[in-house]
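Student: I have a protein model on my screen and I'd like to learn how to read it. Can we go through it together?

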Amino acid sequence: MSFCETAKGRYSCRGYKNTEVRHDDLEYILECARIAPSACNLQPWKIYVVRDEKLRGAVCGAYPRDWLKDAPMIAVFCGLRGENWMRAGGTDYLMCDIAIIADHFINAAHERGLGTCWIAAFDESRLASALNLPENEKPYIMTPLGYAAGTAHEIKKRKSIGDICCFI
Ligand SMILES: Cc1cc2nc3c(=O)[nH]c(=O)nc-3n(C[C@H](O)[C@H](O)[C@H](O)COP(=O)(O)O)c2cc1C
C-alpha cells in the first residue's frame, strides 16, 4: 500500500468487533510510532496501550460512546510536560509532537487492516485519574484499535489543493 493509498483509505472507525488485535500487528504499529520524529528529537511521549477490560471501561468513562466500548484496545498518547522543545518566545511544540506519533500509529494501523479514531474530546481529568497519570503526563489524543465492525463510513470531504496551498 503506498502512503497515499494508506492516507486516503484511513477513516474514523466508529464500530468495532470485540476481536483481539494480532500481536505482530500491534508490534508493527508501535514500531512505526516509535520512529516518529519530534522537535530536537526529544521524544516527549508515552503511549498507554489499554487492554485490561476494567481499565478500558474506566477510560471509556472519559468519553462515553457505545461504539468505543467494543474496541479490544485503546491507545492513549500522552505528552511529557517539561521534556519537549519550546521555540524561543515560548511556543510549545508538545501537542505537535504528540500529533505526529499518533498519526504514525493510526496510519500504520490502517495499513495492517485495523480501525482507529482520533479522539480529543474526552474529559481530561477523568482520563488522567482512570490511568493514574503522573502530573507531568498530559493526555492529548486517544484512539481505539481494533477490527472494524462494518464497512460503512463517510466519504472523505476535503478542501482542494487550490484551496489549501498558496503557490508564491
Ligand atoms: C485532533 C483530532 C481530534 C478528533 N477528535 C475526535 C473526537 O473527539 N471524537 C470523534 O468521534 N472524532 C474525532 N476526530 C475525528 C474527526 O472528526 C475526523 O478525523 C474528521 O471528521 C475526518 O474524517 P475521517 O477521519 O474519517 O477522514 C478527531 C480528529 C482529529 C484529527
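Student: Let's start with Thr6: is Thr6 buried or exposed?

Tutor: The idea is relative accessible area: buried means under 20%, exposed over 50%, and partly exposed in between, with a 1.4 Å probe and protein chains only. Thr6 has a relative accessible area of 5%, so Thr6 is buried. Thr6 sits in helix α1. By the way, this is a predicted model, where local features need pLDDT of at least 70 and side-chain atom pairs count only at pLDDT 80 or more, while totals for chains, interfaces and linings use all residues. Residues are numbered from 1 along each chain as its sequence is written, and side-chain values use heavy atoms, with hydrogens and water left out.

Student: And which residues is Thr6 in contact with, leaving aside neighbours within four places in sequence?

Tutor: Contact means heavy atoms within 4.5 Å. On that basis, Thr6 touches Met1, Asn107, His110 and Glu111.

Student: What does a partly exposed residue look like here?

Tutor: Try Glu31, in helix α2. Glu31 has 40% relative accessibility, so it counts as partly exposed. From Glu31 to Ile164 you go 133 residues in sequence and 31 Å in space, C-alpha to C-alpha.

Student: How do I check a helix such as α5 for length?

Tutor: Helices here are DSSP runs (H or I, at least four residues), as are strands (E, at least two), numbered from the N terminus. The expected span is 1.5 Å times one less than the number of residues. Helix α5 (residues 94-111) has 18 residues and should span 26 Å; its end C-alpha atoms are 26 Å apart, so the two agree. After α5 comes Gly113, with a positive phi near 80 degrees.

Student: Which residues of α5 are buried?

Tutor: An α-helix has 3.6 residues a turn, so residues three or four places apart point the same way. In α5 the buried ones include Leu94, Asp97, Ile98, Ile101, Ala102 and Phe105. The buried residues of α5 pack against α1, α2, β1, β2 and β3.

Student: Zooming out, what is the overall pattern along the sequence?

Tutor: There are seven helices and three strands, running α-α-β-α-α-β-α-α-β-α. The radius of gyration (over C-alpha atoms) is 17 Å, close to the 15 Å from the globule rule, 2.2 Å times the number of residues to the power 0.38. The protein is therefore as compact as a globular protein of 168 residues. Of those 168 residues, 41% count as buried.
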